Amino acid sequence: MRILSGVRPTGKPHIGNYIGALRNWKRLQDEGHECFYFVADWHALTTSYDETDELKSYTRDVMRSFLACGLDPEKSTLFVQSAVKEHSELALLFSMIVPLSWLERVPTYKEMKQQLSEKDLSNAGFLLYPVLQAADILIYLAQGVPVGEDQVYHVELTREIARRFNFLYGEVFPEPQSLLSVVPKLPGTDGRKMSKSYGNIVPLENNYSEVEKKILPMMTDPARKRKTDPGDPQKCPVWSYHIAFGIDEQDSQWVIEGCTKAKIGCIDCKKLLLRNMRRELEPIWERYSKIDSDPHFVDDVITKGNEKARLIAQKTMQSVRDRMNLLF
Ligand code: SF4
């Protein structure tokens with residue numbers, strides 16, 4: 001299956017990006033799918049159009065995180081959205097055939113406007129970002145899009161746009177499917193949504209001692225003020241981390257029993273989590289060091305990936321222009 005997905009470079013990648021997306025992307029790559037993974041820098045501009053000072057460095061950081069998480073440029077096409085200008089051309093052409101009402105009813109449009117109420121999001125790019133997203137997906141004729149639950153509607157909209165284009169001009173695009181990630185979103189260390197602005201993230205490129213500094217003081221079930229107070233793992237963000245980092249059956253029982261019967265302390269519980277996190281994250285930290293030992297490596301990967309992506313995007317655009325009877 002041809003698969004496509006992207007990450008917006010709005011900050012340094014954190015373990016929530018790894019658990020929610022990159023780990024799954026690597027699995028899809030290793031299962032032999034034809035994967036296209038990109039840094040969605042134009043998408044970052046839809047909400048952060050006035051904060052571009054660090055855009056270049058965040059773009060490279062996201063690509064570094066792709067590589068550190070085991071995405072392999074020999075197996076997957078890893079590229080940066082703004083290097084393949086054909087995405088913008090296709091988005092413009094789609095904008096001619098997409099009714100405004102389709103965009104106004106996108107649930108994340110209103111939600112994000114409310115969540116980011118301190119920002120002026122009356123820009124056209126923000127309303128149009130599902131159209132750009134449809135272009136990102138369809139330009140590679142992707143069949144599968146790994147997404148979280150909040151993005152399923154966007155893939156549905158992409159299918160509608162593909163159908164409308166195919167109906168108006170003739171068959172060019174397949175209708176992609178959502179590949180729903182079963183992993184719930186990892187909360188921040190204070191139990192709220194993981195977000196740079198809350199200061200509750202655990203950066204992916206941290207080493208063990210930095211992770212320890214974030215995890216040991218992490219919020220727990222507020223009922224457990226003392227070790228003798230019983231708690232409930234379901235009310236504790238540490239539990240979500242245990243699940244995300246693959247706690248086994250026996251340790252699960254130990255945590256559930258120890259927590260609900262006040263037999264273990266939260267520090268014991270977090271130490272177990274830290275062991276599991278270390279086991280999973282250590283290869284990533286090692287890859288980070290290896291990547292950083294060659295100052296040209298990331299840019300070389302980007303250049304080659306951009307070329308590979310561009311060839312396919314150009315081919316699709318040729319068919320699109322032909323079908324739409326554009327002279328050029
Ligand atoms: S024992 Fe573990 S699951 Fe229970 S409240 Fe403490 S950290 Fe959370």
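The following exercises, each with a worked solution, concern a predicted model of a protein.

**Exercise 1. Overall form**

Determine how many helices and strands the protein has, and why its radius of gyration agrees with that of a compact globule.

Solution. Begin with the secondary structure: the protein contains 14 helices and five strands. Next, consider the radius of gyration. A compact globule of 328 residues would have a value near 20 Å, and the protein has 22 Å, which agrees. The extent of the C-alpha trace along the principal axes is about 75 × 45 × 40 Å. Finally, turn to the interior and the contacts. Of the 328 residues, 36% are buried. Among contacts with a separation of 6 or more, 78% join residues 24 or more positions apart.

**Exercise 2. The two domains**

State which residues form each domain, and describe the contact between domain 1 and domain 2.

Solution. Domain 1 consists of residues 2-185 + 295-323, and domain 2 of residues 206-290. The centres of the two domains, taken over C-alpha atoms, are separated by 33 Å. Seven residues of domain 1 and five residues of domain 2 take part in the contact. On the side of domain 1 that touches domain 2, the largest share comes from helix H3 (residues 55-68), with three residues. This side of domain 1 has six nonpolar residues, no polar residues and one charged residue.

**Exercise 3. The shell around the ligand**

Identify the closest residues to the ligand and the helix that gives the most to the shell.

Solution. The ligand is surrounded by 14 residues, of which the closest are Asp 221, Cys 236, Cys 259, Cys 266 and Cys 269. Three helices each supply at least two residues of the shell: H11 (237-244), H12 (249-260) and H13 (266-292). H13 gives the most, namely three residues. By character, the shell divides into nine nonpolar, two polar and three charged residues.

**Exercise 4. Strand S3 and helix H2**

Explain why helix H2 is described as largely enclosed, and describe how S3 pairs with S2.

Solution. Start with S3 (residues 77-80). Thr 77 and Phe 79 point one way from this strand, whereas Leu 78 and Val 80 point the other way, and all are buried. In general, side chains in a regular strand alternate between the two faces of the sheet. S3 runs parallel to S2 (residues 34-39), and four bridges join the two strands. In one of the pairings, Phe 36 has Thr 77 of S3 as its bridge partner.

Now take H2 (residues 41-48). Six of its eight residues are buried, so the helix is largely enclosed by the rest of the structure. The buried residues are Asp 41, His 43, Ala 44, Leu 45, Thr 46 and Thr 47. Their cover includes S2, H3, S3, H7 and H8 (129-138).

**Exercise 5. Individual residues**

Decide whether Ala 124, Leu 141 and Asn 325 are each exposed or partly exposed.

Solution. First, Ala 124 lies in helix H7 (residues 124-127). Ala 124 has 9 C-beta neighbours inside 10 Å; the limit for an exposed residue is 12 or fewer, so Ala 124 counts as exposed. Its C-alpha is 8.5 Å from that of Thr 46, although the two residues are 78 residues apart in sequence.

Second, Leu 141 belongs to the loop between H8 and strand S4 (144-147). With 17 C-beta neighbours inside 10 Å, Leu 141 counts as partly exposed. Leu 141 has a positive phi of about 50° although it is not a glycine.

Third, Asn 325 is found in the segment after helix H14 (297-323). Asn 325 is exposed, as 7 other C-beta atoms lie within 10 Å. The phi of Asn 325 is also positive, near 60°.

Technical notes:
Residues numbered from 1 in each chain as written. Predicted model: local features only at pLDDT ≥ 70, side-chain atom pairs only at ≥ 80, totals over all residues. Rg over C-alpha atoms; globule rule 2.2 N^0.38 Å. Buried ≥ 20, exposed ≤ 12 C-beta atoms within 10 Å, placed from the backbone. Near = placed C-beta within 6 Å. Nonpolar A, V, L, I, M, F, W, Y, C, P; charged D, E, K, R; others polar. Domains from an automatic or database assignment. Pairing = 2+ DSSP bridges.
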